[in-house]
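Work through the exercises below with the coordinates open. Try each task before reading its solution.

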Amino acid sequence: MILNDIAKRKIYGMIGIAAKAGKVQSGEFCTEKSIKSGRAKLCLIGTDASEATKKHFADMCSFRKIPVYMDVIDKDSLGHIIGRGMRASITIEDKGLSDNVIRLIEGGIADE
């Protein structure tokens, strides 16, 4: 999936806001816990994550009907956005922010 620079910056900004609010879980263990507990509203997997990681999280999210995107942001950027090292996966636990990120990914307009 190819996003324009404006959409990318808005997505990165919303993920950053969610991280500052404590509504982002990152890393395999915390991401999995967020999904299994039902707190995750959106899961993002790095474009360069292993196929096993992508399948693992895709299956988990599909079972729980949580939106998951694997072709948006690479692992290095995922970590950088939230102020951490490289991350293969993150979840956003805020409904409003996750809905806006999904709208931007899907090509819609986010609420201002």
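The exercises treat helix packing, cores and single buried residues in this predicted model.

**Exercise 1. Classify the packing of α1 and α5.**

Task: Which residues of α1 and α5 meet, and how are the two helices oriented?

Solution.
- Step 1: Take the axes. Those of α1 and α5 come within 10 Å and cross at roughly 165°.
- Step 2: Apply the cut-off. Angles over 145 degrees count as roughly antiparallel. The two helices, α1 and α5, are therefore roughly antiparallel to each other.
- Step 3: Assign the hand. The α1 and α5 crossing is left-handed.
- Step 4: List the interface. α1 supplies Ala 7, Lys 10, Ile 11, Met 14, Ile 17 and Ala 18, which meet Leu 97, Asn 100, Val 101, Leu 104 and Ile 105 of α5.

**Exercise 2. Repeat for α2 and α3.**

Task: At what angle do the axes of α2 and α3 cross?

Solution.
- Step 1: Helix α2 spans residues 28-37 and helix α3 spans residues 51-64. Their axes come within 10 Å and cross at roughly 15°.
- Step 2: Angles under 35 degrees count as roughly parallel, so α2 is roughly parallel to α3.
- Step 3: The crossing of α2 and α3 is again a left-handed one.
- Step 4: On the α2 side, the contacts come from Glu 28, Thr 31, Glu 32, Ile 35 and Lys 36. On the α3 side, they come from His 56, Phe 57, Met 60, Cys 61 and Arg 64.

**Exercise 3. Follow α5 from end to end.**

Task: Which residues of α5 are buried, and what covers them?

Solution.
- Step 1: Look before the helix body. A side-chain oxygen of Asp 94 reaches to within 3.2 Å of the backbone nitrogen of Gly 96, at the start of α5.
- Step 2: Scan residues 95-105. Leu 97, Ser 98, Asn 100, Val 101, Ile 102, Leu 104 and Ile 105 are buried.
- Step 3: Find the cover. It includes α1 (5-20), β2 (42-45), β3 (68-69) and β4 (89-92).
- Step 4: Look past the end. Gly 107 follows α5 and has a positive phi, near 95°.

**Exercise 4. Map the nonpolar cores.**

Task: How many residues has the largest nonpolar core, and which have the most contacts inside it?

Solution.
- Step 1: The largest core has 22 residues. Ile 11, Ile 15, Leu 44, Ile 73 and Ile 92 have the most contacts inside it.
- Step 2: Two or more residues come from each of α1, β2, α4 (75-81), β4 and α5.
- Step 3: A separate second core has 9 residues, including Ile 35, Ala 40, Phe 57 and Cys 61.
- Step 4: Check one hub of the largest core. Ile 15 is in helix α1 and has 0% relative accessibility, so Ile 15 counts as buried. Beyond four places in sequence, Ile 15 touches Val 24, Leu 44, Ile 73, Ile 81, Ile 82, Ile 90 and Ile 92.

**Exercise 5. Examine two serines.**

Task: Are Ser 89 and Ser 34 buried or exposed?

Solution.
- Step 1: Ser 89 lies in strand β4. Its relative accessible area is 2%. Buried means under 20%, so Ser 89 is buried.
- Step 2: The Ser 89 side chain makes a polar contact with the side chain of Thr 31 (3.2 Å).
- Step 3: Ser 34 lies in helix α2. Its relative accessibility is 0%, so Ser 34 counts as buried.
- Step 4: Beyond four places in sequence, Ser 34 touches Gln 25, Arg 39, Ala 40, Thr 91 and Glu 93.

Terms used
Residues are numbered from 1 along each chain as its sequence is written. This is a predicted model: local features need pLDDT of at least 70, side-chain atom pairs count only at pLDDT 80 or more; totals for chains, interfaces and linings use all residues. Side-chain values use heavy atoms; hydrogens and water are left out. Buried means under 20% relative accessible area, exposed over 50%, partly exposed in between (1.4 Å probe, protein chains only). Helices (H or I, at least four residues) and strands (E, at least two) are DSSP runs, numbered from the N terminus. Contact means heavy atoms within 4.5 Å. A polar contact is a pair of N or O atoms within 3.5 Å; within protein, one must be able to donate a hydrogen and the other to accept it, and residues adjacent in sequence count only if both atoms are side-chain atoms. A nonpolar core is a set of buried Ala, Val, Leu, Ile, Met, Phe, Trp, Tyr and Cys residues joined through side-chain atoms within 4.5 Å. Axes are lines fitted to C-alpha atoms, for helices over the stretch in contact, and angles run from 0 to 180 degrees between N-to-C directions. Angles under 35 degrees count as roughly parallel, over 145 as roughly antiparallel, 65 to 115 as roughly perpendicular and the rest as oblique. A crossing is left-handed if the near helix is turned anticlockwise from the far one by less than a right angle, and right-handed if clockwise.
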